[in-house]
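Colleague: I have a little time before class, could you walk me through this one? I would like to ask about whatever catches my eye.

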Amino acid sequence: MTALSIQNLKKTYNNGFVALKGVDLDVQRGDFFALLGPNGAGKSTLIGIISSLVNKSSGSVSIFGHDLDKDTVAAKTCIGVVPQEVNFNQFETSMNVVLNQAGYYGIPRKQALQRTEQCLRQMELWDKRDVVSRRLSGGMKRRLMIARAMVHSPRLLILDEPTAGVDIEIRRSMWEMMQEVNKQGTTIILTTHYLEEAESLCRNIAIINNGQIIEKSAMNSLLSRL
Ligand code: ADP
Ligand code: ADP
């Protein structure tokens, strides 16, 4: 079964701008997949549609076999999304940022507490659990976003430039954490500006430009052609 299957996906914004011109994309379960492309290529639009934040104009999206239109709740439950901008309540503690998210998914309290601890530990934030999140460093905030996105144990994790603006050492340590999450069975789709990041993490890659996928291949085969 594919983790994500997209067919002929098109998006025209209300102002008439065509942001996606018929995208076809399959991501296999267990993959660590890179979506690369310049600014304005349509990456955020694509991720927005997959995560039901943006309405598509036409085409179909299915997530672990659940059609996003017909089986919306099941499809949405399969995904965790880490957006580019920090969008949690920065006056909450790290613990509560993750725990509140578990609440949105209706996870019972005891299980929510266990899962929150697991996710914070996995992102090496457990010792920061009582820190008000606005006091965290940039890299820690990014990791908190990932911990929050994982609380309901999604099978597919979508990371939109998860290490943007983070310095190189912290970025490398985040790579290890993401690799560990993938090893445990979570399919990951990553957008990034850093080719090195895609190169070290991802097995397969798609390049989007101007609302169209212009290249799809295994990472090692792409690199051998560069
Ligand atoms: P939809 O077609 O999904 O209904 P809209 O065209 O109504 O989306 O736009 C959604 C939001 O995005 C609006 O608040 C709009 O101001 C904002 N927006 C408009 N143009 C851009 C742009 N070029 N890049 C990012 N956001 C934009
Ligand atoms: P990327 O994430 O690859 O930088 P986006 O998906 O954000 O690309 O944007 C793709 C194109 O769609 C850009 O040209 C952007 O200006 C335009 N765009 C994004 N959101 C809107 C919107 N709400 N209304 C109109 N145009 C938009």
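Modeller: Gladly, and please keep in mind from the start that this is a predicted model. We could begin with ligand 1, which has Lys-11, Tyr-13 and Asn-14 around it.

Colleague: Which polar atoms come up to ligand 1, then?

Modeller: On one side, a polar side-chain atom of Lys-11 is 3.0 Å from an oxygen atom of ligand 1, and, in addition, an N or O atom in the side chain of Asn-14 lies 2.8 Å from an oxygen atom of the ligand. Taken alone, ligand 1 exposes 560 Å², and 29% of that is buried by the protein.

Colleague: And which residues surround ligand 2?

Modeller: The shell of ligand 2 consists of Tyr-13, Asn-15, Phe-17, Ala-19, Pro-38, Asn-39, Gly-40, Ala-41, Gly-42, Lys-43, Ser-44 and Thr-45. Sorted by character, five of these residues are nonpolar, six are polar and one is charged.

Colleague: Where do the oxygen atoms of ligand 2 meet backbone atoms, and where a side chain?

Modeller: A polar backbone atom of Gly-40 is 2.7 Å from an oxygen atom of ligand 2, and a backbone N or O atom of Gly-42 is 2.9 Å from an oxygen atom of this ligand. For the side chain you can look at Thr-45, where an N or O atom lies 2.5 Å from an oxygen atom of ligand 2. On its own, ligand 2 has 560 Å² of accessible area, of which the protein covers 65%.

Colleague: Which element gives the largest share of that shell around ligand 2?

Modeller: That is helix 1, which contributes three residues, the largest share of the shell.

Colleague: Okay, why is helix 1 described as largely enclosed?

Modeller: Helix 1 covers residues 43–50, and seven of its eight residues are buried, so the helix is largely enclosed by the rest of the structure. The buried ones are Lys-43, Thr-45, Leu-46, Ile-47, Gly-48, Ile-49 and Ile-50. Just after the helix you will find Ser-52, which takes a positive phi of about 60°.

Colleague: Is a positive phi usual or unusual, leaving glycine aside?

Modeller: It is unusual, since most residues other than glycine have a negative phi. Another case here is Phe-64, with a phi near 45°, which sits in the loop between strand 4 and strand 5. A further one is Glu-124, whose phi is positive at about 55°, and which belongs to the loop between helix 4 (109–122) and helix 5 (138–150).

Colleague: Are those two buried or exposed?

Modeller: Phe-64 has a relative accessibility of 4% and therefore counts as buried, whereas Glu-124, with a relative accessible area of 52%, is exposed.

Colleague: Switching to sheets, what is the strand order in the open sheet of four strands?

Modeller: The order is 2-1-4-5, and the pairing is antiparallel. Strand 2 (18–28) and strand 5 (66–67) are at the edges with a single partner strand each, so one side of each has no neighbour in the sheet. Within this sheet, strand 1 (residues 2–12) and strand 4 (residues 58–63) run antiparallel and are joined by five bridges, one of which you can find by looking at Ser-5, whose bridge partner in strand 4 is Ser-62.

Colleague: What about strand 8, which strands pair with it in the parallel sense?

Modeller: Strand 3 (residues 32–36) pairs with strand 8 over four bridges, and strand 7 (residues 156–160) does so over five bridges. As landmarks, Phe-32 has Ile-188 as its bridge partner in strand 8, while the partner of Leu-156 there is Thr-187.

Colleague: Which way do the residues of strand 8 point?

Modeller: Thr-187, Ile-189 and Thr-191 point one way, Ile-188 and Leu-190 point the other way, and all are buried.

Colleague: And what does Thr-186 touch?

Modeller: Thr-186 is in the loop between helix 6 (168–183) and strand 8 (187–191), and its relative accessible area of 15% makes it buried. Beyond its neighbours within four places in sequence, Thr-186 is in contact with Asp-31, Pro-154, Arg-155, Leu-156, Leu-157 and Val-181.

Colleague: Last one, where is Ile-79?

Modeller: Ile-79 belongs to strand 6 (residues 79–82) and is buried, with a relative accessible area of 5%. Leaving aside neighbours within four places in sequence, its contacts include Ile-50, Tyr-105, His-152 and Pro-154.

Terms used
Residues are numbered from 1 along each chain as its sequence is written. Chains are lettered from A and ligands numbered from 1 in the order in which they are written. This is a predicted model: local features need pLDDT of at least 70, side-chain atom pairs count only at pLDDT 80 or more; totals for chains, interfaces and linings use all residues. Side-chain values use heavy atoms; hydrogens and water are left out. A residue is near a molecule or strand if one of its heavy atoms lies within 4 Å of it. A polar contact is a pair of N or O atoms within 3.5 Å; within protein, one must be able to donate a hydrogen and the other to accept it, and residues adjacent in sequence count only if both atoms are side-chain atoms. Accessible areas come from the Shrake-Rupley method with a 1.4 Å probe; for residues, only the protein chains shown count as cover. Buried means under 20% relative accessible area, exposed over 50%, partly exposed in between (1.4 Å probe, protein chains only). Helices (H or I, at least four residues) and strands (E, at least two) are DSSP runs, numbered from the N terminus. Contact means heavy atoms within 4.5 Å. Ala, Val, Leu, Ile, Met, Phe, Trp, Tyr, Cys and Pro count as nonpolar, Asp, Glu, Lys and Arg as charged, and the others, Gly among them, as polar. Two strands pair if DSSP finds at least two bridges between them.
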